[in-house]
Amino acid sequence: MEEKLLELRSVGYSYHTMQGETPALHNINFTVHKGEFLAIVGPSGCGKSTLLSLLCGLLEPEHGSILLYGQKLYQKSAGNIGYMLQHDHLFEWRTILQNVLLGPEIAGKLTPARREAVEQMLKTYGLYKFKDARPSQLSGGMRQRAALVRTLALEPEILLLDEPFSALDYQTRLTVGDDIGSIIKKEHKTAILVTHDLSEAVSLGSRVIVLTARPGTIKNIINIKFPEYLTPLQRRNAPEFKDYFNQLWKEMNEHE
Ligand code: ADP
Ligand code: MG
């Protein structure tokens with residue numbers, strides 16, 4: 001049995017504003033194992049981003065608890081968790097190298113070894129010759145890869161990805177999705193990807209959690225099995241792909 005990394009027990013969360021209460025998530029239970037690529041799908045506004053904010057300690061559950069290695073998740077333990085957002089948030093006033101080193105720099109962890117590891121990642125992922133360029137000089141796909149390297153630079157155990165490809169055009173999102181899926185596998189990370197794109201979930205995930213409309217609850221959890229050696233792009237052409245897609249589509253479109 002693989003090691004339990006994260007465990008959510010009856011997690012619930014509501015936003016409280018002047019207009020009143022907005023229940024965002026209700027009774028969420030699941031476990032994430034080491035090395036897993038978990039995809040989370042659900043309709044817009046169902047609480048997906050809220051869930052990631054809870055997982056990285058940005059928000060605290062109102063009900064239930066979240067355990068990391070069996071210990072209650074506190075803000076200070078969130079260093080194990082890297083968060084990558086929809087927009088890459090690269091700083092234009094810094095070069096690519098300065099951008100990807102920002103995390104370790106702020107955390108006071110910019111050792112020579114760390115710097116070398118980050119430069120090596122830029123080389124491996126085809127960004128090294130752009131290390132002195134500004135973000136605006138890079139294509140959307142390269143920026144997204146740079147954002148991933150920046151997130152990996154902090155050596156997180158778990159990567160949280162919030163619709164990271166949705167700002168890209170279709171062709172680019174296919175290749176960047178493939179890239180990022182392979183990078184995460186190669187670096188032996190555990191990843192949780194939130195998306196509203198069912199194809200993306202099937203091409204990248206080892207499991208897909210389907211959430212209901214707000215307040216998000218778990219509608220179903222689907223295991224995705226493809227031959228191990230297939231890349232995300234190759235999965236899209238495998239015969240099982242459309243069966244999983246149709247199953248998810250049905251889950252998303254049936255209302256009780
Ligand atoms: P998703 O990422 O699935 O689109 P979110 O987690 O962003 O959904 O939001 C879930 C619900 O909570 C939505 O109805 C949204 O309007 C509401 N919400 C999100 N953030 C806030 C906030 N800061 N204050 C009040 N309501 C919020
Ligand atoms: Mg969102």
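This is a short talk on the ligand site, one sheet, the pockets and the cavity of this structure.

A word on the source before we start. The model is predicted.

Let's begin with ligand 1. Which residues surround ligand 1? The shell consists of Y15, T17, S44, G45, C46, G47, K48, S49, T50 and R214. By class, that shell has 6 polar, 2 nonpolar and 2 charged residues.

Now the backbone contacts. Take C46, G47 and K48 in turn. For C46, a backbone N or O atom lies 3.2 Å from an oxygen atom of ligand 1. For G47, a polar backbone atom is 3.0 Å from an oxygen atom of the ligand. For K48, a backbone N or O atom sits 2.8 Å from a ligand oxygen atom. How much of ligand 1 does the protein bury? Alone, the ligand exposes 560 Å², and the protein buries 63% of that.

Where does the shell come from? Two elements give two or more residues each: strand 1, 4–17, and helix 1, 48–55. Helix 1 gives the most, with 3 residues.

Strand 1 takes us to the sheet. It is an open sheet of 4 strands. The order is 2-1-4-5, and the pairing is antiparallel. Which strands stand at the edges? Strand 2, 20–33, and strand 5, 71–72, do. Each has a single partner strand, so one side of each is left without a neighbour in the sheet.

Look at the strand 5 end. Strand 4, residues 63–68, runs antiparallel to strand 5, and 2 bridges join them. In one pairing, L67 has K72 of strand 5 as its bridge partner.

Next, the pockets. The largest pocket has a volume of about 710 Å³. Its lining counts 28 residues. Nearest the centre lie G35, K185, S206, E228 and R235. Helix 6, helix 7 and helix 8 each give two or more residues to this lining. Helix 6 has the largest share, 4 residues. What is the class make-up of the lining of the largest pocket? The residues divide into 9 nonpolar, 10 polar and 9 charged.

On to the second largest pocket. Its volume is about 530 Å³. Here 21 residues form the lining, and G82, Y83, R150, T151 and L154 lie nearest the centre. The elements giving two or more residues are strand 6, 81–84, helix 3, 102–106, and helix 5, 140–152. Strand 6 gives the most, with 4 residues. By class, this lining has 12 nonpolar, 6 polar and 3 charged residues.

Last, the enclosed space. How many cavities of 30 Å³ or more does the structure hold? It holds 1. The volume of that largest cavity is about 30 Å³. Its lining is made of L174, G177, D178, E200, S203, L204, P232, L233 and R236. Helix 6, 170–186, helix 7, 198–204, and helix 8, 232–236, each give two or more residues to it. The classes here are 4 nonpolar, 2 polar and 3 charged.

Put those last items together. Helices 6, 7 and 8 contribute two or more residues each to the lining of the largest cavity. Helices 6, 7 and 8 also do so for the largest pocket.

To recap the ligand site: C46, G47 and K48 are among the residues around ligand 1. Helix 1 is the element that gives the most to that shell.

Note on methods:
Residues numbered from 1 in each chain as written. Chains lettered and ligands numbered in written order. Predicted model: local features only at pLDDT ≥ 70, side-chain atom pairs only at ≥ 80, totals over all residues. Heavy atoms only, no water. 1 Å grid on protein atoms, 1.4 Å probe; cavity = no way out; pocket = protein on both sides within 12 Å on 5 of 7 lines; lining within 4 Å. Points joined across faces, edges and corners; volume = space filled by probe spheres on them. Nonpolar A, V, L, I, M, F, W, Y, C, P; charged D, E, K, R; others polar. Near = heavy atom within 4 Å. Polar contact = N/O pair within 3.5 Å; in protein donor to acceptor, adjacent residues only side chain to side chain. Areas by Shrake-Rupley, 256 points an atom, 1.4 Å probe, with all protein chains shown as cover. Pairing = 2+ DSSP bridges.
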